[in-house]
Amino acid sequence: ENKLRTHILNTKEIKLRGIHNFENICSAFAATKPFVDEKTAVEAIKEFNAVEHRLEFVRDINGVKWYNDSASSSPSRTIAGLNAYDEELILIAGGYDKNLDYTPIGKYIVEKVKGLVLIGSTAQKIKTAVENEAKRKNRIIPIYECESLEEAVYTANKISNRGQVVLFSPASASFDMFKNFADRGNKFKKLVNEI
């Protein structure tokens, strides 16, 4: 075979997000190349869904893509989620306070997020981190504080525009309002599917 580089598929055609997932796909593609024809492999890659509650695609509403990342229960996990997207983001975050440091998340939210929707007991810590960073960078980020996940989903739907992504990535534990992250993610998906 020739040694020329060939383009097999565009990352925009893949449901999974993030460079770590693209690297895994390349490894899987290379490992199965002797056994699976390219067309079959490409179709399988395009159809493969994320693990539930980890950057899981929920639905497209009027050109806005909604993702459930309820499993992200710490700032570092949400930062990884934010880095998985090139699109403009509306972020829904906040939850139970495990006394984590939210300072580092401010930088990433200011860089990536066009609208921030906050719930739960960590809302104030996240808001402070974002406002401090926004002041340093001379930027303004609209922040909406909501009483419930229902209100947060309604708000995100109202402020999002075609081409944007609404990412539910709490950066916090779920125990203030939900049994666990799966319960929280399932409630989010139900609310999004009811829009």
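This is a walk through the sheet, the helix packing and an aromatic pair of a predicted model. Local features need pLDDT of at least 70 and side-chain atom pairs count only at pLDDT 80 or more, while totals for chains, interfaces and linings use all residues. Residues are numbered from 1 along each chain as its sequence is written, and side-chain values use heavy atoms, with hydrogens and water left out.

Let us begin with the sheet. Six strands form an open sheet with mixed pairing, in the order E1-E2-E6-E3-E4-E5. Strands (E, at least two residues) and helices (H or I, at least four) are DSSP runs numbered from the N terminus, and two strands pair if DSSP finds at least two bridges between them. Strand E1 (56-61) and strand E5 (143-145) stand at the edges with a single partner strand each, so one side of each has no neighbour in the sheet. From one strand to the next, the twist averages 20 degrees.

At the E5 edge, strand E4 (residues 113-118) runs parallel to E5, and three bridges join them. Leu 118 has Glu 145 in E5 as its bridge partner. Helix H4 (residues 103-112) lies across strand E3 (89-93) and E4, at about 125 degrees to E4. Such angles run from 0 to 180 degrees between N-to-C directions, and axes are lines fitted to C-alpha atoms, for helices over the stretch in contact.

Now follow H4 to its helical neighbours. Two packed helices are described by the angle between their axes and the distance between the axes. Helix H3 (residues 75-82) packs with H4 at an angle of about 20 degrees, the axes being 10 Å apart. H3 and H4 are therefore roughly parallel to each other; angles under 35 degrees count as roughly parallel, over 145 as roughly antiparallel, 65 to 115 as roughly perpendicular and the rest as oblique. In contact here (heavy atoms within 4.5 Å) are Pro 75, Thr 78, Ile 79 and Leu 82 of H3 with Pro 104, Ile 105, Tyr 108, Ile 109 and Lys 112 of H4. Those residues comprise seven nonpolar, one polar and one charged. In this scheme, Ala, Val, Leu, Ile, Met, Phe, Trp, Tyr, Cys and Pro count as nonpolar, Asp, Glu, Lys and Arg as charged, and the others, Gly among them, as polar.

H4 also meets helix H5 (residues 123-137): their axes come within 8 Å and cross at roughly 60 degrees. H4 and H5 are therefore oblique to each other. From H4, the contact takes in Thr 103, Gly 106, Lys 107, Ile 109, Val 110 and Glu 111, which meet Ile 126, Ala 129, Val 130, Glu 133, Ala 134 and Lys 137 of H5. This contact has six nonpolar, two polar and four charged residues. Ile 109 appears in the contacts of H4 with both H3 and H5.

Further along the chain, the axes of helix H6 (residues 149-159) and helix H7 (residues 181-193) come within 10 Å, crossing at roughly 45 degrees. That makes H6 oblique to H7. Leu 149, Glu 150 and Val 153 of H6 meet Arg 184, Lys 187, Phe 188, Leu 191 and Val 192 of H7. By class, there are five nonpolar, no polar and three charged residues.

Phe 188 leads us back to the sheet. The structure holds five aromatic pairs, one of them formed by Trp 66 and Phe 188, tilted with 6.2 Å centre to centre and 35 degrees between the planes. Rings of Phe, Tyr and Trp (its six-membered ring) pair if their centres lie within 6.5 Å, and planes under 30 degrees apart count as stacked, over 60 as edge-to-face and the rest as tilted. The pair links distant parts of the chain, with Trp 66 in strand E2 (residues 64-68) and Phe 188 in helix H7, 122 residues apart.
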